[in-house]
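Open the model in your viewer and keep the selection panel at hand. Each stop below names what to select and says what is there.

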2 protein chains.
Amino acid sequence: MNLPPLTQTFVLHFGEMGSRWGISRTVSQIYALLFLSEEPLNAEQIVDGLGVSRSNVSMGLKELQAWNLVQLRHMPDDRRDYFTTPEDLWQIVRTLADERKKREVDPTLTMLRDVLMQSASNDGDRYAQTRMTELHDLIELLTGWYDDVNKLDTDRLIQLLALGAKVQKVFEMKDKLTVIPGRKKKPSSGAAT
Amino acid sequence: MNLPPLTQTFVLHFGEMGSRWGISRTVSQIYALLFLSEEPLNAEQIVDGLGVSRSNVSMGLKELQAWNLVQLRHMPDDRRDYFTTPEDLWQIVRTLADERKKREVDPTLTMLRDVLMQSASNDGDRYAQTRMTELHDLIELLTGWYDDVNKLDTDRLIQLLALGAKVQKVFEMKDKLTVIPGRKKKPSSGAAT
DNA sequence: CATTTATTTCAAAAATTCTTGAAATTAGTG
DNA sequence: CACTAATTTCAAGAATTTTTGAAATAAATG
């Protein structure tokens, strides 16, 4: 591995975290390297930087492209492929969240819908059915929220995040002024029961 | 594997998703089974349900305990260990989020802090330093938001989630009434620049 | 259209992770 | 304190994932 010290620390850390994040060391490192690089890099430069095989880099880049996490670029008078990550970090966050939702959440939501559909008539396994319904509703609430805030432009999103739980204050203020129609008062706790 | 049909579908699905979520098939399946079970189960019952080895179940339960995802119970006149998942799904979500943050986010935040601290004087690797600072600030904003809303009681949290992007409306309304002190107007986009 | 350059594919090797059975440990019981 | 029941540990085997080098493919150039 042949990298400036700061970059190296970061790349190594990403490589180690990879296994916790569910990606291979090489893929994590490629991403980390591209992330820190001002100019787009080609495969050869990545090989030199990380000291892994050319084919490994090729496959890693393919995977990162499948995740929409890197973009292909071309340089004038150079027919090699160059890769970058978006300059805008929020774009990266959005892509990551979208892709993880697609791979890690949506299949379960679909499965729950199917299973609950089929078992609607059936009456064995009563408790399991209740649990699955609760889980289904909870995931729908969370993904619904996600889809919703994901529509916000970045400035608004930052505003919202910076506010954090203080939105509560706004609620309270608002409650004194208006009543939102169609909101049922919940007893006191419990999931999407 | 010896389970009622609904439960089996769910357990098998969880097992398959496990690899995407970064946990082993057995651990996922144990969790799924406990999640759907009204009564706490002991190791033997899990072995019977899933058809895996006793030692595998023992290790799986140990891992789930390390994640705080299952709780140990005892039955009168029975010295075996029984396990459950919390009844309250929101408790589960909170635990999951806390633990993942701890394992998957906090170490990176720490690393970034350290690296940026050290390199404050140093002036090589200018762009990498900028990128890392941006990433650091973004993660802080996100985890700060998380810590903040995590303090809300569940009813308030559900309220907030159900509202989704419609909080925007509240902003707009509020903007007409008050000015929050200390908020800088951002130019138009960009991360935690 | 042969040659050079860049990239991808793929089967095998290497590394890692998961699962198991046997043995060890822990903790109750008579 | 010997005996039994419950659980854990751990080394070895199985399975999966990652990485590699060699060969194949694709794309540009003269």
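Select β1(B) and β3(B): the two run antiparallel and are joined by two bridges. This is a predicted model, in which local features need pLDDT of at least 70, side-chain atom pairs count only at pLDDT 80 or more, and totals for chains, interfaces and linings use all residues. Residues are numbered from 1 along each chain as its sequence is written, while chains are lettered from A and ligands numbered from 1 in the order in which they are written. Helices (H or I, at least four residues) and strands (E, at least two) are DSSP runs, numbered from the N terminus. Two strands pair if DSSP finds at least two bridges between them.

**The sheet of chain B**

Stay on β3(B). Opposite B:Y82 in this strand stands B:N42. Now add β2(B), which pairs with β3(B) in the antiparallel sense over four bridges. Which residue of β3(B) is the bridge partner of B:R73? It is B:Y82. Next, select B:L72 and find B:F83 opposite, in β3(B).

Move to the turn. β2(B) and β3(B) form a hairpin with two residues between them. Pick B:D77 there: its phi is positive, at about 60 degrees.

Zoom out to the whole sheet. It is open, has three strands in the order β1-β3-β2 (chain B), and its pairing is antiparallel. β1 (41-42) and β2 (71-75) of chain B each have a single partner strand, so one side of each lacks a neighbour in the sheet.

**Across to chain A**

Colour chain A by secondary structure. Eight helices and three strands appear. Along the sequence the pattern reads α-α-β-α-α-β-β-α-α-α-α.

Select the strands. They form an open, antiparallel sheet in the order β1-β3-β2 (chain A). Its edge strands are β1 (41-42) and β2 (71-75) of chain A, each pairing on one side only. β1(A) and β3 (residues 78-84) of chain A share two bridges in the antiparallel sense. Pick A:L41 and look opposite, to A:F83 in β3(A).

Of the 193 residues of chain A, 22% count as buried (20 or more other C-beta atoms within 10 Å of a residue's own, with exposed at 12 or fewer and partly exposed in between; C-beta atoms are placed from the backbone). For contacts, the rule is C-beta atoms, placed from the backbone, within 7 Å. Among contacts in chain A between residues at least 6 apart in sequence, 48% join residues at least 24 apart.

**Where the chains meet**

Show both chains. The contact takes 58 residues from chain A and 58 residues from chain B. On the chain A side, select α1 (5-21), α2 (25-36), α5 (89-118), α6 (126-150), α7 (154-163) and α8 (167-177): these are the elements that give two or more residues. Which one gives the most? α6(A), with 14 residues. Colour this side by class: 29 nonpolar, 15 polar and 14 charged. Here Ala, Val, Leu, Ile, Met, Phe, Trp, Tyr, Cys and Pro count as nonpolar, Asp, Glu, Lys and Arg as charged, and the others, Gly among them, as polar.

Superpose the copies by least squares on the C-alpha atoms of residues with pLDDT of at least 70 in both. A turn of 180 degrees and a shift of 0.0 Å along the axis lay chain A on chain B with an RMSD of 0.0 Å. The two copies are thus related as by a two-fold rotation axis. Select A:G22, which of the residues of chain A comes closest to that axis, at 2.8 Å (C-alpha). The copies meet through the same surface, because 100% of the interface residues of chain A are also interface residues in chain B.

**DNA strand D**

Select the 21 residues around DNA strand D; A:T26, A:S55, A:N56, B:S55 and B:D81 come nearest. A residue is near a strand if its C-beta atom, placed from the backbone, lies within 6 Å of it. α4(B) supplies the largest share of this surface, six residues. By class, there are five nonpolar, nine polar and seven charged residues.

**Last stop: confidence**

Colour chain A by pLDDT, the predictor's confidence in each residue, from 0 to 100. The average is 90, and 88% of the residues score at least 70. Confidence is highest in α2(A), at a mean of 98, and lowest in α8(A), at 67. Finally, select residues 188-193 of chain A, where the pLDDT is below 50. Where pLDDT is low, the predicted coordinates should not be read in detail.

How values were computed
Contact = placed C-beta atoms within 7 Å.
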